[in-house]
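My notebook is open and the viewer is running. Here is what I looked up, in the order I went.

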Amino acid sequence: MRGVWMTGVAAAFALSGCADMAASMALSDAQAKCAKLGKQFVPDDVKKTELVVVSSAQVSGHCAGPGDPGFVPAPSAPPNR
């Protein structure tokens, strides 16, 4: 199977002390980009930086579809009774 790799790194900035929020924003952005392709985002690395005034985060990874490494199929619904 062929994977679609992110051509860049999703990044986000937030006020100082909010690196976790910046990482969450960057992850959401990467997930949305992959979803537009009908794929899932599989993160490879998350880097957070706390500076005096701002925090930043970078998320790198790739988009994966069925049969690609890292793809997690959606759970099947339980049968109706």
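Leaving aside its neighbours within four places in sequence, which residues is Leu27 in contact with? I found Phe41 and Val59, where contact means heavy atoms within 4.5 Å.

**Ground rules.** I noted that this is a predicted model, in which local features need pLDDT of at least 70 and side-chain atom pairs count only at pLDDT 80 or more, while totals for chains, interfaces and linings use all residues. Residues are numbered from 1 along each chain as its sequence is written, and side-chain values use heavy atoms, with hydrogens and water left out.

**Leu27, continued.** I placed Leu27 in helix 1; helices (H or I, at least four residues) and strands (E, at least two) are DSSP runs, numbered from the N terminus. Its relative accessible area of 28% makes Leu27 partly exposed. For that label I used these cut-offs: buried is under 20% relative accessible area, exposed is over 50%, and partly exposed is in between, with a 1.4 Å probe and protein chains only. I also checked Leu27 against Gly61, 34 residues along the chain, and got 9.6 Å between the C-alpha atoms.

**Overall layout.** I counted one helix and four strands in the protein chain. Read from the N terminus, the order is β-β-α-β-β. Of the 81 residues, 26% are buried. I then looked at contacts with a separation of 6 or more, and 63% of them join residues 24 or more positions apart. The accessible surface is about 5,700 Å², with 61% of it on carbon and sulfur atoms; such areas come from the Shrake-Rupley method with a 1.4 Å probe, and for residues only the protein chains shown count as cover.

**The core.** Which residues make up the largest nonpolar core? I listed six: Ala26, Ala30, Cys34, Phe41, Val59 and Cys63. The term covers buried Ala, Val, Leu, Ile, Met, Phe, Trp, Tyr and Cys residues joined through side-chain atoms within 4.5 Å. Helix 1 and strand 4 are the elements that give two or more residues to this core. Helix 1 has the largest share, three residues. Phe41 and Val59 are two names I had already written down as contacts of Leu27.

**Strands 3 and 4.** I traced strand 3 (residues 40–50) and found ten bridges joining it to strand 4, the two running antiparallel. Strands pair if DSSP finds at least two bridges between them. Three residues make the hairpin connection from strand 3 to strand 4. Going along the pairing, I matched Pro43 with Gly61 and Glu50 with Ser55. Is strand 4 mostly covered or mostly uncovered? I found it mostly covered, with eight of its eleven residues buried. Val54, in strand 4 (residues 54–64), is partly exposed at 30%.

**A surface patch.** I picked out a nonpolar patch formed by Leu51, Val52, Val53 and Val54, together about 390 Å² of accessible area. Patches are built from residues with over 30% relative accessible area and no salt bridge, joining like charges within 9 Å and nonpolar side chains (Val, Leu, Ile, Met, Phe, Trp, Tyr) within 5 Å.

**Salt bridges.** How many salt bridges does a search of the whole structure find? I got four, taking a salt bridge as a side-chain nitrogen of Lys or Arg within 4 Å of a carboxyl oxygen of Asp or Glu. As general background, side chains of opposite charge can pair when their charged atoms come close.

- Asp20 pairs with Lys48, with 2.5 Å between the closest N and O atoms. This pair links distant parts of the chain: Asp20 is in helix 1 (residues 19–36) and Lys48 in strand 3, 28 residues apart. I have Asp20 as exposed at 56% and Lys48 as partly exposed at 45%.
- Asp29 meets Lys33 at 3.4 Å, N to O. The two lie about one helical turn apart, because they are four residues apart in helix 1. I read Asp29 as partly exposed at 33%, and Lys33 as partly exposed at 42%.
- Asp45 and Lys47 form another salt bridge, with the closest N and O atoms 3.9 Å apart. Asp45 is partly exposed at 32%.
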